[in-house]
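Work through the exercises below with the model open. Each task is followed by a solution in steps.

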Amino acid sequence: MRERNPRRGGTLTELMVATVILSVGVLGLFGSFRYIARSTFISRATSLATNLGQERIESLKNMSYYALQITTSAGTYTPTDPDILYDTVNYPPETISIGGITFTRYTHVSMAQMYGSNVSTVAPNYPDTGLKQIAVSVVWTEAGQVKSWTLRNLLENPNVNPLDSTITGTVSNSAGGTVASAIVVVEQNENWGATANSAGVYSFTVYHGTYTVRASSAGFNDGISGSVIASRGAVTTANLTLVAVATGSVLGTAWYNNDLVISQVVAATRTIVGDLSEQDVEYIELFNPTTFPINIGTTNQASNKPYALLTGCYNGATFDYHVDNGPGGGSWPFYMVNITSYVAPGRYYLIANATYFYVAGAWAAADAFYTDAAGYAGATKTPATPTLVDYIKDNRPCSVLLYTYGAGIWHDYVGWTDNTGSDPPWYEGVVIPNPAGHDGLGDPKGKQIVRVSSPAVSEANLPLYGRAYDTDRNTRDFLYPSDAFTSFLYPPKSTASGAFTTITGKVPTLTDVTYVTSSDPNSGSTTAFTAYITSGTQSLPYSRFQLSGISTGTWSLTAAYGNYSNTYDNVIVTQGGYTGVPNAVTTPAWPAAGVSQVQLTSSTTTGFVKGTVSNPSAQPINGITVQGGGASKVTGSNGVYFMSVPTGTVTIVANPNNLNPSYVEGIETPSVSAGAVTTKNITLNFGGRITGYVTTGTTPLAYQAITAVNAAGLQIGSGVTDTGGNFTIRNVSTGTCTVYPVLESGQDVMPNTLPANVVSTATIFIGTFTVSGAFGSIAGTVSDASGLVTSGALLLASTNTIASTPSAIVGSSAPAQVPMYMVSSKADGTYTLPVRGGATYYLSAYVPVISGTGVTITTKTYSGIIVSPSAATTKNVTIP
């Protein structure tokens, strides 16, 4: 029996049912393709609309705030809900076809204001709020229905007028009281600020927002507020406290020394000379208090000697004179033999009628001696031996004069009386009197007049220092015979006695001003004053200085008087301390321990400038920075500045860059001589700034020169527009002026001029100039083998050749480079590139190409493209 096969096939009925089911599924799948394709179309259209809107917004936001024009003539597109407002003049509708879809792009720009996080628009004639809203709507038709996509963005300008909020407050001193004339500014915008009044109160307006306020004043650390919330229409108080910079003071005494002085005179003393015989010896001692050697001369002719000696004594009827072999006419020859011709710094020079003699317990060797004709052998005047002549009379009123005969320079002189009360021919200030019971300096013999070393040094220590104290009054400068001083106390000194420290000299403040300043830029300068020390019945003057308010630290100190000055380095200033200058650690150090005496003995290769900085009412201005020759100083309450500068013509700038916004910058160019103090007073005017905008009508005009003139037609300021067409003219004096662009040939401007009423410290926006004939454009399409390039291309134009890889443009060097103009092509493949007219350009296009290996840049360059002012040149770009 045959076995049955367990496998069986499907029936016809089953096959028909399966076919029906499969057909229904396939037909459903085919039906879904219609909806998938429609969804893809909608998504693609929305993406393109979004890209077109973003492209337009970015293009408009690349413009400067003032170049973005407000919509004043608006149209309405009603098929959408809500209606779309658009600009019909500045930014008219654009039709763009991409991927078979036609889009219309509408633009509207309105003034906006912000309340909290909410933005609302205001009318075009509303005062500038500093905020503009850009609305771009893209419209297309889809399946018979109008679709739209709208994007909005904001463009802000923080420098806007009118300002709608006020910040006020008081600047206080942490040590008590207020700080007058402090400069207060908003850190987020330096143009918003004010100067505190005499009570320390300030007030200024800002645009509403949250800010940080900074106050500064010379001698104080800056004070900074916390967050200050300035609400629209409100007054916000922000008080600030300044802490004084840690400061100290320097002090000292100033002297100047520029010449030899007569330091001692003896009219007669009976003593032993070189041959051990007893003779009447007279001598004159000189001292060199300077820092340089002095040539006293070797010739015996007074008319040729740099230093000649002249004596004069009253004989009861006339004067008897003796001069270094000088002319006759009642004068006797004074034959001088100079054994030593130079006087080294800090050394004495002894002139006598003998070469070697014993006095005050020691032998003295003269550096020069004088004799008469008998002391010379023959016509050659070869010196023989001194004849111990008597040219300084014992019992007469006499004078000794050190002078330069040919130049008529009187270097130093001293005179004394006799018991008749008769005066000698010359003396400084007050003649030295004769003590009772004496008849002249040499009668009785053994008396001397000796110059003082220092008014502050005891008589016991006087011999330790150089005899240099000089006030141009004999009775103050010399110790002279009196009831208490009738014998030899001070033996004579010569070059062989060695060098002696000079701690005094001439008193500069008796004849002129001595200026003192430090290298600390925050401190001012001062002048030395005359102080007095009482000695017996005498009031002995000296020049004292104290410079306070120097920041703690290590500085240099400079003092100057006339053509003489000195600078001391490594001056250490401590908080609240008083540092004597010089001292043990300064360079140079003090001349002797505990002696802070500033010596102005060296001529300098630099010069000095001093002056007073005042306002137009001639009132001194405190806290003004003055710069010049690499130095910087700040005026004190008296408005005075003093600084060391190089020689020649020096530019002095007071209030650089309007650092104090209440005043404009002041510039002077004095001519400075080496060692000289040049006075240059500076008057700072109250001023402000003028700003404005220059356009071609559609494009900002860069590098356009702008000038401002006063009523007399004189230029009072100038500026140049930046790449956004904005210009600023700084340092403009208050009042009305006229502003206009400086045009090139063939250009015109509307309006021709604009008035500006400049207010002190304010920034005034005067309006917009529209220059025609300045710019043209290059326009066209960008295409490749497949048609218009809609993915975007970069286009560059320049009057110079353009490299395949454009050179980098760095901000610091860009102003010196040839201008390069740039634009990106639009999504519809078109471009418009504004360039300055009247030139021939190179044009390069850079198109990115995406392939399987990455992205490459395809470049195409054209040359010889001529662009005329206010005209468009068509240049279609084909890649490659």
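**Exercise 1. Surface and overall make-up**

Task: State what the accessible surface of the protein comes to, and what share of that surface belongs to carbon and sulfur atoms.

Solution. The model is predicted, so every value here is computed from predicted coordinates. The accessible surface of the protein comes to about 40100 Å². Carbon and sulfur atoms hold 52% of that area. Next, take burial: 47% of the 880 residues count as buried. Then take secondary structure: there are two helices and 72 strands. Finally, look at contacts with a separation of 6 or more. Residues 24 or more positions apart account for 62% of these.

**Exercise 2. A strand with two faces**

Task: Sort the side chains of strand E28 (residues 356-359) by face, and say which are buried.

Solution. Begin with the general pattern. In a regular strand, side chains alternate between the two faces of the sheet. Now apply it to E28. Phe 357 and Val 359 point to one face and are buried. Tyr 356 and Tyr 358 point to the other face and are not buried. Check Tyr 356 against the cut-offs. Its relative accessible area is 37%. Buried means under 20% and exposed means over 50%, with partly exposed in between. Tyr 356 is therefore partly exposed.

Follow the outward tyrosines further. Tyr 356 and Tyr 358 belong to a nonpolar surface patch with Ile 272, Leu 276 and Trp 363. Together these residues have about 470 Å² of accessible area.

**Exercise 3. The hairpin partner**

Task: Find the strand that pairs with E28, and describe the turn.

Solution. E28 is joined by four bridges to strand E29 (residues 362-365). The two strands run antiparallel. Within this pairing, Phe 357 has Ala 364 of E29 as its bridge partner. Two residues lie between the strands of the hairpin. Ala 360 takes a positive phi near 50 degrees there.

**Exercise 4. A four-stranded sheet**

Task: Give the strand order of the open sheet that contains E69 and E70, and name the edge strands.

Solution. The order is E67-E66-E69-E70, with antiparallel pairing. Strand E67 (820-824) and strand E70 (854-867) are the edges, since each pairs on one side only. On average, neighbouring strands of this sheet are turned by 20 degrees against each other, direction ignored. Now move to one pair. Strand E69 (residues 839-851) and E70 share 12 bridges in the antiparallel sense. To locate the register, use Tyr 841: this residue stands opposite Ile 865 in E70.

**Exercise 5. Salt bridges, partly exposed and buried**

Task: Take three salt bridges, Glu 187 with Arg 214, Asp 477 with Arg 451 and Lys 506 with Asp 470. Which parts of the chain does each tie together, and are the partners buried or partly exposed?

Solution. Opposite charges can pair when their charged atoms come close. The cut-off is 4 Å between nitrogen and carboxyl oxygen. The count comes to 14 salt bridges.

- Glu 187 and Arg 214 meet at 2.5 Å, N to O. Glu 187 lies in the loop between strand E9 (183-186) and strand E10 (189-195), and Arg 214 in strand E13 (residues 213-216), so the pair ties together parts 27 residues apart in sequence. Glu 187 is partly exposed at 37% relative accessibility. Arg 214 is partly exposed at 26%.
- Asp 477 and Arg 451 have their closest N and O atoms 3.9 Å apart. Asp 477 lies in helix H2 (residues 474-477) and Arg 451 in strand E35 (residues 449-451), so this link spans parts 26 residues apart in sequence. Asp 477 is buried at 0% relative accessibility. Arg 451 is buried at 1%.
- Lys 506 and Asp 470 have their closest N and O atoms 2.7 Å apart. Lys 506 lies in the loop between strand E36 (478-479) and strand E37 (515-518), and Asp 470 in the loop between E35 and H2, so parts 36 residues apart in sequence are tied together. Both residues are buried.

Beyond these pairs, a network of salt bridges links Glu 55, Arg 56, Glu 94, Arg 105 and Lys 826.

**Exercise 6. Neighbours of a buried threonine**

Task: Which residues does Thr 168 touch, not counting those up to four places away in sequence?

Solution. Place the residue: Thr 168 lies in strand E8 (residues 165-173). Thr 168 counts as buried, at 17% relative accessibility. Its contacts are Tyr 202, Ser 203, Val 235, Thr 236, Thr 237 and Ala 238. Take Thr 236, 68 residues away along the chain from Thr 168: the C-alpha atoms of the two are separated by 6.3 Å.

Methods:
Residues numbered from 1 in each chain as written. Predicted model: local features only at pLDDT ≥ 70, side-chain atom pairs only at ≥ 80, totals over all residues. Heavy atoms only, no water. Axes fitted to C-alpha atoms, helices over the stretch in contact; angles between N-to-C directions. Buried < 20%, exposed > 50% of the residue type's maximum accessible area, 1.4 Å probe, protein only. Patch = residues over 30% accessible without salt bridge, like charges linked within 9 Å, V, L, I, M, F, W, Y side chains within 5 Å. Areas by Shrake-Rupley, 256 points an atom, 1.4 Å probe, with all protein chains shown as cover. Salt bridge = Lys/Arg side-chain N within 4 Å of Asp/Glu carboxyl O. Contact = heavy atoms within 4.5 Å.
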